[in-house]
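Visitor: I have not looked at this one before. Can you take me through it?
Guide: Yes, have a look at it first.

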Amino acid sequence: MMTLTAKAREILRNVLLKSKKDKVYFAKAFFGLELGEKQQQALLLGGKVQIKVAGRRFGKSTVTLIDVVHECATKTKQVWYITAPSIDQAKIYFQEFEQRAANNSLLDALVKDFKWSPFPEITLINGSKILGRSTSRNGVYLRGKGADGVAITEAAFIKDKVYHDVIRAMVLDRNGVLRLETTPNGMNYVYKLFQEGLNDSTGYYKSFHATVYDNERLDREELERIRREIPELAWRIEYLAEFVEDDSFIFPWNLLCEVFDDYELKKEPQNGHRYSIGVDLAKYQDYTVIIVLDITREPYQIVEYHRYQGRLYTDVVAHVNELQAKYNARVYLDATGVGDPIAEQVRNCEPFVFSEKSRNKLISNLVVLIQQKKLLLPASWTVLRDELRYFKNVKRGTKIKAEASEGYHDDTVMALALACWSLREYREASPEAISLLRGLRIYG
Ligand SMILES: Nc1ncnc2c1ncn2[C@@H]1O[C@H](COP(=O)(O)OP(=O)(O)O)[C@@H](O)[C@H]1O
Ligand SMILES: [Mg+2]
């Protein structure tokens with residue numbers, strides 16, 4: 001964003017000229033990044049509709065950002081959108097860009113204007129623009145916008161419908177391109193496009209796959225440690241980037257995608273609204289989670305949440321009482337074991353004692369609320385999203401219990417279920433919910 005001397009302009013022009021044919025050189029010159037072999041493959045993939053599926057930390061977003069900036073810098077007046085399930089996730093691209101530009105005067109010299117509000121937007125000196133939007137509210141922020149390209153980050157976490165009805169149409173007029181990058185998430189539209197790309201000899205669809213082992217930057221010992229620490233299923237999905245369909249999941253993605261949306265948490269009580277608070281207390285290593293739910297009307301929405309580790313119970317009690325007073329809410333707290341004396345110190349508290357039976361009721365209530373789309377949960381809270389995704393029916397002897405996959409936490413799920421206990425008339429289940437709940441041995 002500085003004025004360039006004639007000499008600097010000359011240098012920039014030459015580097016750009018060389019970059020036109022050499023994206024790997026572009027990455028080095030403008031981003032200071034030495035790409036690994038597999039990352040180079042991803043950068044040079046091409047195609048009209050491109051699907052990059054890879055494990056966490058592979059560099060999916062970095063490579064895609066370089067690709068987008070390359071397109072915009074080497075061609076004039078390009079319009080590109082970066083989109084994601086939440087605006088926070090889309091902003092990661094812009095943060096990475098801002099940080100790289102602060103350390104690289106060539107990249108900085110490309111920028112004419114950079115703003116964050118109301119939406120992130122970069123204008124380059126050649127007139128090209130990079131715009132950030134979320135896919136929330138069924139794509140209303142993208143609908144009708146024409147683009148030369150759209151990059152979709154966390155692509156497997158947006159609704160199939162938004163891809164097909166909104167994003168696909170954005171590039172039609174300008175004969176533009178689509179760049180999807182993601183970890184897998186079941187058998188949704190990303191899986192179908194990925195298969196398409198594997199079998200497409202025309203080069204229209206292009207698929208790319210990498211596991212965490214394709215990342216030369218990651219330490220092998222560190223990887224083995226992660227592998228031992230997390231459940232096998234999560235390892236396969238998140239790190240080996242496998243498409244897995246597991247029918248023991250209690251909240252399949254086609255349900256979850258209907259209740260998660262991007263919205264700003266109010267964090268303040270509204271006049272005339274009613275609230276409930278769910279509290280799951282940390283025992284040993286896990287987290288204390290507090291969720292405030294607006295229960296005035298459907299969809300009941302999370303308005304504030306807290307999740308932390310390693311605080312004294314006296315501090316937690318003070319915090320819960322503060323929230324109770326703020327929202328004038330009833331508090332539903334796990335009063336099993338250590339929770340019992342704590343429940344006594346919380347105002348307007350309904351202690352919830354866990355037994356096999358009460359726990360099943362609590363969870364079935366949550367299942368029904370989600371099944372009937374009565375909740376609105378923040379898409380930016382990926383911890384809750386993932387704990388719900390990995391919540392499953394686990395066989396314990398002859399019994400089946402709903403719990404986190406081994407190695408995963410379920411604190412956010414339990415806090416949400418407790419906050420929803422205020423709405424327990426929803427135990428009346430739909431036929432679909434009943435069939436899900438049969439797995440839990442609650443019906444039938
Ligand atoms: N070739 C590279 N050299 C150095 N750092 C890299 C390289 N590729 C990616 N990174 C860094 O590694 C981190 C993870 O990359 P990211 O693109 O966010 O991964 P993903 O989107 O696959 O999870 C980022 O901080 C990024 O800047
Ligand atoms: Mg990423």
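**Helix H7, the ligand and some backbone details**

Guide: Asn138 has its place in helix H7, which covers residues 136–139. Keep in mind that this is a predicted model.

Visitor: OK, what sign does phi have at Asn138?
Guide: Positive, at about 55°, although Asn138 is not a glycine. Most residues other than glycine have a negative phi.

Visitor: Switching to the ligand. How many residues surround ligand 1?
Guide: There are 14. The closest are Gln39, Gly59, Lys60, Ser61 and Thr62.

Visitor: And where does ligand 1 sit?
Guide: In the largest pocket.

Visitor: Which helices each supply at least two residues of the shell around ligand 1?
Guide: Helix H4 (60–74) and helix H5 (87–103). H4 gives the largest share of that shell, three residues.

Visitor: What classes of residue make up the shell around ligand 1?
Guide: Six residues are charged, five are polar and three are nonpolar.

Visitor: Which polar side-chain atoms lie close to an oxygen atom of ligand 1?
Guide: Thr62 has one at 2.6 Å from a ligand oxygen. Glu96 also has one, with 3.0 Å between its polar side-chain atom and an oxygen of ligand 1.

Visitor: What about the backbone of Gly59?
Guide: A polar backbone atom of Gly59 is 2.9 Å from an oxygen atom of ligand 1.

Visitor: How much of ligand 1 does the protein bury?
Guide: Taken alone, ligand 1 exposes 560 Å², and the protein buries 77% of that.

Visitor: New topic. How many salt bridges are there?
Guide: The count comes to 23. One joins the side chains of Lys23 and Asp67, with 2.7 Å from N to O.

Visitor: Where in the chain are Lys23 and Asp67?
Guide: Lys23 is in helix H2 (residues 23–31) and Asp67 is in helix H4. The two are 44 residues apart, and the pair links distant parts of the chain.

Visitor: Why would side chains pair up like that?
Guide: Side chains of opposite charge can pair when their charged atoms come close.

Visitor: Last thing, peptide bonds. What kind joins Ser117 and Pro118?
Guide: A cis one, with omega about 0°. Pro118 is in the loop between strand E3 (111–115) and strand E4 (121–124).

Visitor: And from Glu298 to Pro299, cis or trans?
Guide: That bond is cis, with omega near -10°. Pro299 lies in the loop between strand E11 (288–294) and strand E12 (300–308). As a general matter, most peptide bonds are trans.

Note on methods. Residues are numbered from 1 along each chain as its sequence is written. Chains are lettered from A and ligands numbered from 1 in the order in which they are written. This is a predicted model: local features need pLDDT of at least 70, side-chain atom pairs count only at pLDDT 80 or more; totals for chains, interfaces and linings use all residues. Side-chain values use heavy atoms; hydrogens and water are left out. A residue is near a molecule or strand if one of its heavy atoms lies within 4 Å of it. A polar contact is a pair of N or O atoms within 3.5 Å; within protein, one must be able to donate a hydrogen and the other to accept it, and residues adjacent in sequence count only if both atoms are side-chain atoms. Accessible areas come from the Shrake-Rupley method with a 1.4 Å probe; for residues, only the protein chains shown count as cover. On a 1 Å grid over the protein atoms alone, a cavity is a set of points where a 1.4 Å probe fits but cannot get out, and a pocket is an open set with protein on both sides within 12 Å along at least five of seven lines; lining residues have an atom within 4 Å of a point. A molecule sits in a cavity or pocket if more than half of its atoms lie within 2 Å of its grid points. Helices (H or I, at least four residues) and strands (E, at least two) are DSSP runs, numbered from the N terminus. Ala, Val, Leu, Ile, Met, Phe, Trp, Tyr, Cys and Pro count as nonpolar, Asp, Glu, Lys and Arg as charged, and the others, Gly among them, as polar. A salt bridge is a side-chain nitrogen of Lys or Arg within 4 Å of a carboxyl oxygen of Asp or Glu.
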